[in-house]
Amino acid sequence: MALATRTARGGRPERPPPTPVRLWRSTIGKKTVMAVSGALMLLYLVFHMLGNLKVFFGPDDMNGYAHWLRTVGEPVLHHEWFLWLARVGLLAAVVAHGVAAYQLSRRDIAARPVGYRHRRARTSYATRTMRWGGVILALFVVWHLLDLTTGHVNPNGEAGRPYENVVATFSTWYGNAIYGVAMVAVGLHVRHGFFSAAQTLGAGSVGRDRALRLTADALALVLTLGFLAVPIGVTTGIVE
Amino acid sequence: MKITLRIWRQSGPEDRGAMRTYELDGVTPEMSFLEMLDTLNEELIGNGEEPVAFDHDCREGICGACGMVINGEPHGPDRTTTCQLHMRHFDDGATVDVEPWRAAAFPVVKDLVVDRSAFDRVIGSGGYITAPTGSAPEAHATPVAKAAADTAFENAECIGCGACVAACPNGSAMLFTAAKVTHLNTLPQGAPERESRVLDMVETMDAEGFGGCTNTGMCTSVCPKGIPLASISTMNREYLRALRKG
Ligand code: HEM
Ligand code: FES
């Protein structure tokens, strides 16, 4: 069989396409792009969550931290350059992640054109909600930027005063509702995503699977609770 | 035992197909699922009806031919092949749904028979080693580390039945391809084609229209040979390593 196929294929082409092209064309390669972009966003989320907790130390602490973020890297970097570099990197990650998710999902759906008459719910909730959960997250990111970055939809919307803006958002019912749904969505997405990314990047092994799943659960729980602490703090009056 | 069967009937690739209901009496708990279908077919032939087409060969759980989805689960409720599934796993009076493997890459030929030649083409593109043929090689000529031998053996158990594809919501062949890649790439005998094997097999797998992996784990949970999900991670690792090497 080996010889026959070799003759038929005439060997592999002399010059395969460049590695990034091959990566993007294959299912495994595209999944790798998702894993790496997802991991970058995840890393950002951890620092973002920790930064948000500054709200519990009062306006000076929080606003001072926000100001400091704009000075990171000075004098090598210009004012706000670090922030803009991070923003460009995150935007690239979101776009790559979303485009790869869309293309892979189309392919996956086409690969199972006819379903089973005898249906059973079999995969976990977090696994089943990766696609729509991801879309919810993308929409949330847009609202979140308009709320706390540009201030367009924020009841306070004062540049350089994140503490007051955050309190304003969580003093509205819809601010709490949108944010609450999104943080549960993040937790679910990370719960499946962290394990999935480890698998995709080749870190999975028979002995390590359990530890990876537990880490994913812990990470998801810490992120969701850490992010939810802020609206809960504002609603209960701990933060005002 | 009395069993109500709802079976997918489709006269050919172009037929739309539908579920048909059959009442079958005289089923015994020690019958295998295929023997139960044989009994049904004898009855159908006796009535001048077309028997239900299904694939089977060894009937001892090693060839992988006998794939069908029983009550929504590939190979049914027991973690084994359909030929090794016995009717004692069903209650008297139970209703049992039987459907073919569903995947774009596995078109239905007739009733429960699907065309799995896409698997052969994946194997043909890299699931082999280059070795001199002739008499059996001296067993000690190529030392294999114990851990590598164990991993290779675990993955070599794959019988290519396609249950992984049938269970996967994406109709993905990752577990099958991963078992083959892991089996051969772990062994020194597979080392000469280590990079081209994984690159070519994944390329063929994609070209055949199988979906991608979303790590749902459905494949490994239905695999009659217990190929672990970790094999997919091994293949991903091998794939990325081979791409880096160019
Ligand atoms: C643009 C919005 C997003 C969409 C449409 C989206 C969609 C998806 C989809 C469809 C998957 C693959 C699901 C699977 O493996 O079953 C996935 C995986 C993943 N997502 Fe997202 N997601 C989005 C945003 C995010 C965000 C904000 C994060 C940051 C925490 C993230 C982190 C991950 C990770 C780590 C993975 C695993 C990658 C892998 O499977 O290798 N995603 N996403
Ligand atoms: S008939 Fe061979 S495995 Fe079932």
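## An iron site shared by two chains

The iron atom of ligand 1 has two protein donors, A:His97 and A:His189, each offering its NE2 atom and lying 2.0 Å from the iron. A:His97 belongs to helix H5 (residues 81-110) of chain A and A:His189 to helix H9 (residues 173-200) of chain A, so the pair ties together parts that are 92 residues apart in sequence. Please keep in mind as you look around that this is a predicted model.

### Around the iron

What arrangement do the six donor atoms around the iron atom of ligand 1 make? Their angles run from 85 to 179°, which makes the arrangement octahedral. For comparison, the ideal angles for six octahedral donors are 90 or 180 degrees.

Are the two histidines buried or exposed? A:His97 has a relative accessibility of 16%, so this residue counts as buried. A:His189 comes to 18% relative accessibility and therefore counts as buried too. The cut-off that matters here is 20%, since buried means a relative accessible area under that value.

A:His189 also has company within the protein. Setting aside neighbours within four places in sequence, this histidine is in contact with A:His97, A:Met130, A:Gly133, A:Gly134 and A:Leu137. The other iron donor, A:His97, is thus one of the residues that A:His189 touches.

### The shell around ligand 1

Let us step back from the iron to the whole ligand. There are 22 residues around ligand 1, and those that come nearest are A:His97, A:His189, A:Ser196, A:Thr200 and B:Thr214. Which chains do the surrounding residues come from? They come from chains A and B, so the site is shared between chains.

Sorted by character, the shell consists of eleven nonpolar, nine polar and two charged residues. Polar atoms of the protein also lie beside nitrogen or oxygen atoms of the ligand, as this table shows.

| Protein residue | Protein atom | Ligand 1 atom | Distance |
|---|---|---|---|
| A:Lys31 | polar side-chain atom | oxygen | 3.0 Å |
| A:His97 | polar side-chain atom | nitrogen | 2.7 Å |
| B:Thr214 | polar backbone atom | oxygen | 3.3 Å |

Four elements of chain A give two or more residues to this shell: helix H3 (27-52), H5, helix H7 (130-149) and H9. Two of these, H5 and H9, are the helices that hold A:His97 and A:His189.

### The two chains

Now for the chains themselves, beginning with chain A. Its secondary structure comes to ten helices and zero strands. Along the principal axes, the C-alpha trace of chain A spans about 75 × 55 × 35 Å. Chain A has 240 residues, and 37% of them are buried. Of the contacts in chain A between residues at least 6 apart in sequence, 65% join residues at least 24 apart.

Chain B has eight helices and seven strands. Its C-alpha atoms fill a box of roughly 60 × 35 × 35 Å, again taken along the principal axes. Of the 246 residues in chain B, 56% are buried. Among the contacts in chain B with a separation of 6 or more, residues 24 or more positions apart account for 68%.

### Details of the backbone

A few spots along the backbone are worth a visit. Where is A:Pro75 found? This proline lies in the loop between helix H4 (59-69) and H5 of chain A. The peptide bond leading to A:Pro75 from A:Glu74 is cis, and its omega is near 5°.

The loop between H4 and H5 of chain A is also the place of A:Glu80. Phi of A:Glu80 is near 70°, which is a positive value in a residue other than glycine. With a relative accessibility of 25%, A:Glu80 counts as partly exposed.

Chain B offers another positive phi in a residue other than glycine: that of B:Arg59, near 55°. B:Arg59 sits in the loop between helix H1 (33-46) and strand S3 (69-70) of chain B. At 27% relative accessibility, B:Arg59 counts as partly exposed.

The last stop is A:Pro162, in helix H8 (residues 162-169) of chain A. Not counting residues up to four places away in sequence, A:Pro162 touches A:Met62, A:Asn63 and A:Ala66. A:Gly151 is eleven residues from A:Pro162 along the chain, and the C-alpha atoms of the two are separated by 9.7 Å.

Note on methods: Residues are numbered from 1 along each chain as its sequence is written. Chains are lettered from A and ligands numbered from 1 in the order in which they are written. This is a predicted model: local features need pLDDT of at least 70, side-chain atom pairs count only at pLDDT 80 or more; totals for chains, interfaces and linings use all residues. Side-chain values use heavy atoms; hydrogens and water are left out. Donors are N, O and S atoms within 2.8 Å of the metal (3.2 Å for Na, K and Ca); water is not among the atoms, so sites may look incomplete. Four donors count as tetrahedral if all angles lie between 85 and 135 degrees; four count as square planar and six as octahedral if opposite donors are over 155 degrees apart and all others between 65 and 115; anything else is irregular. Buried means under 20% relative accessible area, exposed over 50%, partly exposed in between (1.4 Å probe, protein chains only). A residue is near a molecule or strand if one of its heavy atoms lies within 4 Å of it. A polar contact is a pair of N or O atoms within 3.5 Å; within protein, one must be able to donate a hydrogen and the other to accept it, and residues adjacent in sequence count only if both atoms are side-chain atoms. Ala, Val, Leu, Ile, Met, Phe, Trp, Tyr, Cys and Pro count as nonpolar, Asp, Glu, Lys and Arg as charged, and the others, Gly among them, as polar. Contact means heavy atoms within 4.5 Å.
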